[in-house]
Amino acid sequence: MIEVKNITKSFDGRVVLDNISTVFEDGKTNLIIGRSGSGKTVMIKDVIGLLRPDSGEILYDGRDLLKMSKKEIKHLRKEMGMLFQGSALFDSMTVLENVMYPLDMFSKDSSKERVKRAEFCLERVNLADAGKLYPSEISGGMMKRAAIARAITLNPKYLFCDEPNSGLDPKTSLLIDDLIHDITKEYNMTTVINTHDMNSVMNIGDNIIFINEGKKEWEGNKDDVITSSNKALNDFIFASDLFRKVKEVELEEKEEESDPLYFQKKYCAPPKKEPIRTKD
């Protein structure tokens, strides 16, 4: 679990994050959403320690990142996995070598053990046959899956994903969403995702924080999104005609379900009427 408490960040006197607090829970996909320039990228950089907030606390299972020594931060880095927006695979390395890279950097296991672990991670993301290929020889979706495999090789407690669906077609995006969600549940990781993809919000949004102009405007889950009356959130999420229609349909269904006789009307056949008998 990661607790963010009252963090504020400014650049040249301009407040980018204004007193934001939230909790990223274990075993759930925690999403940070917001318009470009809203502050969500700065927030995730603060959380992973690439930037330092002006004030506040960032607690990793009770350990304050902002009070850690360099040695403690280095140890914490080993507990993190990172999925970069562009996958960030090394062109000169095979897929297997890319996945092994964190193990080569931090693991004391033998070469044979490192290969075995990397192959296991590739199998987990359905890339068992791609280990000998180079990034230029695989598709964008396969590159994302390889990057996910690399991110989990050290069995991290915390997984950070920056726009994991960027540049992918809708079907592949859903596959990546489901893979991240499944891995999060399977390994009980604290997964934090920075995204613009509204399909991700509606599909895997276990916890969602919406940042608007540097402030936490709204917080909830994918079900709460549908019923929210927050104007800024609705203007952002349901900007397209398609998503507005989805919300209308969902609200209509929820209204129908609130009817005490809803399930009887939907699932129970009406009583069979006896035919009217007439005298001969």
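**Two sheets, a helix and a buried lysine**

Strand 3 and strand 9 (residues 207-212) pair in the parallel sense, with four bridges between them. This pairing comes from a predicted model, and it makes a handy starting point for a tour. Along strand 9, Phe210 is the bridge partner of Ile33. On to strand 8 (residues 190-194): strand 3 runs parallel to strand 8 too, and five bridges join the two. Here Asn30 stands opposite Val192. Strand 3 itself (residues 28-33) is mostly covered, with five of its six residues buried.

Zooming out, these strands belong to an open sheet of six, in the order 6-7-8-3-9-10, and the pairing is mixed. Strand 6 and strand 10 (215-220) sit at the edges with a single partner strand each, so one side of each has no neighbour in the sheet. On average, neighbouring strands in this sheet are turned by 15° against each other, direction ignored. An antiparallel pairing in the sheet is that of strand 9 with strand 10, where five bridges do the joining. In that pair, Ile208 faces Gly220 as its opposite number.

Next comes helix 5, which lies across strand 6 and strand 7 and runs at about 170° to strand 6. Helix 5 covers residues 140-151, 12 residues in total, and reaches 16 Å from its first C-alpha to its last, close to the 16 Å expected at 1.5 Å a residue. Plenty of helix 5 is tucked away: Gly141, Lys144, Ala146, Ala147, Ile148, Ala149, Arg150 and Ala151 are buried. The cover over those buried residues includes strand 6 (80-83) and strand 7 (158-162), along with helix 3 (95-106), helix 4 (111-124) and helix 6 (170-187).

Then there is the packing inside. The largest nonpolar core has 43 residues, and Ile33, Ile148, Val201 and Ile237 are those with the most contacts inside it. Helix 5 supplies the largest share of this core, five residues. Val201, for its part, touches Leu31, Ile33, Ile208, Lys222, Val225 and Ile237, leaving out residues up to four places away in sequence. Apart from this core lies another one, of 25 residues, with Ile7, Leu17, Leu76 and Phe160 among them.

The model also has an open sheet of four strands, in the order 2-1-4-5, and here the pairing is antiparallel. Its edges are strand 2 (14-24) and strand 5 (63-64), each of which pairs on one side only. Between strand 1 and strand 4 (residues 55-60) there are five bridges, in the antiparallel sense. Glu3 stands opposite Leu59 of strand 4.

Strand 1 (residues 2-11) is also home to Lys9. This lysine counts as buried because its relative accessible area is 10%, and buried means under 20%. Lys9 has a good list of contacts: not counting residues up to four places away in sequence, it touches Arg14, Val15, Val16, Leu17, Val42, Asp46, Arg52, Pro53 and Asp54. One of these, Val42, is 33 residues from Lys9 in sequence, yet the two C-alpha atoms are 8.2 Å apart in space. Another, Arg52, places its backbone oxygen 2.8 Å from a polar atom of the Lys9 side chain.

Technical notes: Residues are numbered from 1 along each chain as its sequence is written. This is a predicted model: local features need pLDDT of at least 70, side-chain atom pairs count only at pLDDT 80 or more; totals for chains, interfaces and linings use all residues. Side-chain values use heavy atoms; hydrogens and water are left out. Buried means under 20% relative accessible area, exposed over 50%, partly exposed in between (1.4 Å probe, protein chains only). Contact means heavy atoms within 4.5 Å. A polar contact is a pair of N or O atoms within 3.5 Å; within protein, one must be able to donate a hydrogen and the other to accept it, and residues adjacent in sequence count only if both atoms are side-chain atoms. The expected span of a helix is 1.5 Å times one less than its number of residues. A nonpolar core is a set of buried Ala, Val, Leu, Ile, Met, Phe, Trp, Tyr and Cys residues joined through side-chain atoms within 4.5 Å. Two strands pair if DSSP finds at least two bridges between them. Axes are lines fitted to C-alpha atoms, for helices over the stretch in contact, and angles run from 0 to 180 degrees between N-to-C directions.
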